[in-house]
Amino acid sequence: MLRYVIRRLLIAIPILLFLSIIVFMAARASSSPEAAIRLNPRVSAADIERYRANLGLDKSNAEQYAIWLGNFAQGDLGDSLVKNRPVWPLLKSAIGNTLVLGLAGISVALLIGIAIGTLSAIRQYSWFDNMATGGAFLGLSMPQFWFALILQLLFGVWLIDWLNLNRSILPISGMKSPGTQGFDVVDRVRHLVLPATVLAVQLIAVYSRYMRASMLEVLHSDYLRTARAKGLRESRVIIRHGVRTALIPVTTQAAIDLGLIVGGLIITEQIFQWPGMGVLFLDAMASGDYQIILPWLMITSASVILLNLAADVLYAFLDPRIRYD
Amino acid sequence: MRSPHRRRLVALLMLLGLVAAACGSDDDGGVSGGPAAEGGNAVFGAEQWPECLNAITSCFNASWASWSIFQHVLPQAMTLDKDSNYVPGAMLDGEPEITSEDPFTVTFNIDPDAVWDDGTAITSADIEFTWRAHLETEGAITTTGYDVIDTIDTSDPKAAVVTFTEIYAPWRDLFGGIDYVLPAHLFESANVAAEMNDMIAFSGGPWVLQSWSDTEAVLVRNAAYWDEDRIPVLDQVTFIPLEDTDTELSSLQSPDGVSAIFPQASPGIEQRLNDPIAFEVGAGAVLEGLWPNHSEPPLDEKAVREALLYAIDRPAIAEAVFGGINPGTLDCAGWAPAIGPWCDESDFGDVEQDLDLAAELLTDAGWALNGAGNWEKDGTELVITWNTVAGNVRRETVQEIVQEQVREFGIQFDIQNYDAGELFQNRLPELNFGMGLYAQVGTPDPSVTAIYKSDQIPSEENSKAGQNFTAYPNADLDAILDASDRAADLDERLDLINQVGDIIREDVVWIPLYPLPNVTAWRTDVLTGPIPDFVSSPLGGFANMYDWGLVA
């Protein structure tokens, strides 16, 4: 197992380097910090030249990339080309915000998805199973951006009109109420509900389907028959022996999803103004700020690689039949 | 015992409890203004969020940095009134005086009561420091204007005597206009590159920036502010980023969301701005039009450019694109109609769609209709390569409308749209385009030298950094542009600017379509006051928020 892990980690390094080159070239080709000032009539040609030189944009792309890579290897992420601020605090804040949203969404999705999947399997072809199946397809096919906007309208406008309220039941944007001082847990949780719901809905659909399929396989297995034959209560058979085994694919899927989420939930964050990795990436890409884009890429790629690896290791740990060596 | 009914009842009670928590009085909204309560807090939406807060470096290029922060906390020598005329800012004691023509010298007299929020007087030293900051700061966004200042005499703390090396007509845009003054006593060095990037911890304006982050900016009333006409009614204003238009509109519609926004005016936006929301539309300072590349055929021919001008219906384009928020057609040659006296609508005001005239112009230039009904000359059909930003709905709509308008006339278009970076960073500087559809920013100062002068055509000499993307060379125009930048007398300058406009029209250097509309929208059940007064101003819709109050 250790050799397997080390091998996976070593393979990841050239992959990350290759990705960074591709993304750097894409960022430089698509936009540049100087593009924003080129149409400002107060800015002269000499000003633009000086600006480019100050940011190192007058160097060749290869040189710019090499400088960035050299600094990155020494742990220096440098300053944002556009924000004039160190990159790491920006990334750290964005990662934290995305993880809060991501973990909240995944946690809720796991709880509900596992419960629905388990019940669906136990009561296969019942009305509950049929409803859950239909709901899952709805959740999977519903565009996230549409659902997010509908929730905003529902809680920000429609419910207020229908119920003649003077404030919304749940806030429709931001991480906290504007102007509030300190850390108000209740306020933060209220702001988390809608974006986490958007994230969770699709995940619930996925996890419930995984769990249902996995439970159906387990329910008819020999060892559960043995457990029943031993006289164990049905609930203990299901939960202690069945669910535990059936959870394996779901938990590994959740680990993979968490890795993907670190890259930012671009649509959800943009709509709900959640200052996470997705919004940071969008802003940086629009302005060609590769000083942010490249570390962003490194972090998100590394988290996908590491969490995929963690999922594989977890899978082997949970299921002794799995061996990688 | 199972009790599904009990579980359902509990769920219903929980839902009712949530609803009850949000219920309040039976306010039916719809109140339109009224007297203002004293004090209170308001929350406004910002459609773009400043990357940073340094008023000298690239942060300054972002309009929202000025609209949401700078103009509320930083003093200005000259500012703009609601009609975008230059007027003395609060820190000045009357109009600046041109005290000498040779050398060109302007004296800024400072209000004796003007102070920073720490009580330190605003003095001529602050103006002198601001000058040096523009020149010495690494990464300063522009030195234009500041680099022609020779000296600033600060012997009198309340009079800054600014001597220039040459006559500089746009002097009102220095230390003011859309520029600001910094406090000399709070910086150790004039290189302020590392300062103010995430906070402005001082104020010479009606507000003090209490906090700023990527998620909100909180401004509170400046207790030390001396100008009684601009002392804020509100105690506190919070700006929050709402970069998604739908979110912005939903937040305004929600009674506990934002109470005012200054959104990008997209067609149909007015349909979501219903009572108790009010809105005002004004012509903005961003001017959009067709920019032909004069260095490439067929638009190197004046006849072709002029024929295109008469072949299209510009008012119909503006109406089709903007509908209920139509700002009108742009009829002057490069100035915002709502800013100062510079926009001479006689430039293009007489132009109406006239296909017969367009045909005559082409025929006289040797073009003729071929069997396919397309214009042709020397075996080459008239095909205009047309470039704009891919995915920009407004501009792509214009392309569709124009193609439809001239379909029968016989001008063909080869549409090639690009990503914004590719268009503005690569193609325009390389003059590798046919005709661009994009916007230019109009400024309070009328100088258009940067976009029309011959030496501003992108070339090796200026490292492709010039902004005259039409590649229009005209030595006579160059001379007038230079003269206009040196005309300190406003009437003389107006005459020269009008001459510039005449030449632009005569040679059809570009075809103006419309100024982009600005919209100020606010909740009338929350806010009252002269809220829409600055809707057309380059200072943005929140410029006079010191006069806004909560409905009593």
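**Entry 1: Ser120(A)**

I began with the surroundings of Ser120(A) and, leaving aside residues up to four places away in sequence, I found that Ser120(A) touches Phe128(A), Asp129(A), Ala132(A), Ser208(A) and Arg212(A). I note at the outset that this is a predicted model. Ser120(A) sits in helix α5 of chain A, which covers residues 87-122. I then asked whether Ser120(A) should be called buried or exposed. Ser120(A) has 25 C-beta neighbours inside 10 Å and therefore counts as buried, since the cut-off for that class is 20 or more. I also looked up the separation of Ser120(A) from Asn130(A): the two are ten residues apart in sequence, and their C-alpha atoms are 8.1 Å apart in space.

**Entry 2: where chain A meets chain B**

I turned next to the contacts between the chains, in which 48 residues of chain A meet 62 residues of chain B. On the side of chain A that touches chain B, I listed the helices that each supply at least two residues, namely α2 (35-38), α3 (45-55), α7 (144-163) and α11 (266-272) of chain A. Which of these gives the largest share? I found that α7(A) does, with seven residues. Sorted by class, this side of chain A has 23 nonpolar residues, 18 polar residues and seven charged residues.

**Entry 3: helix α12 of chain B**

For helix α12 of chain B, residues 490-506, I checked the length against expectation: at 1.5 Å a residue its 17 residues should span 24 Å, and its end C-alpha atoms are indeed 24 Å apart, so the two values agree. I recorded as buried, within α12(B), the residues Arg493(B), Leu496(B), Ile497(B), Asn498(B), Val500(B), Gly501(B), Ile504(B) and Arg505(B). What do these buried residues pack against? I traced their packing to α11 of chain B, residues 475-485. After α12(B) comes Val508(B), for which I noted a positive phi, near 45°.

**Entry 4: a sheet in chain B**

Last, I followed an open sheet of three strands in chain B, whose order is β1-β22-β21 and whose pairing is antiparallel. Its edge strands, each pairing on one side only, are β1 (36-37) and β21 (527-528) of chain B. I then looked at how β21(B) is joined to β22 of chain B, residues 549-551, and found two bridges between these antiparallel strands. At the level of single residues, I noted that Thr528(B) stands opposite Gly549(B), which belongs to β22(B).

Key:
Residues are numbered from 1 along each chain as its sequence is written. Chains are lettered from A and ligands numbered from 1 in the order in which they are written. This is a predicted model: local features need pLDDT of at least 70, side-chain atom pairs count only at pLDDT 80 or more; totals for chains, interfaces and linings use all residues. Two strands pair if DSSP finds at least two bridges between them. Helices (H or I, at least four residues) and strands (E, at least two) are DSSP runs, numbered from the N terminus. Two residues are in contact if their C-beta atoms, placed from the backbone, lie within 7 Å. Ala, Val, Leu, Ile, Met, Phe, Trp, Tyr, Cys and Pro count as nonpolar, Asp, Glu, Lys and Arg as charged, and the others, Gly among them, as polar. The expected span of a helix is 1.5 Å times one less than its number of residues. A residue is buried if 20 or more other C-beta atoms lie within 10 Å of its own, exposed if 12 or fewer, and partly exposed in between; C-beta atoms are placed from the backbone.
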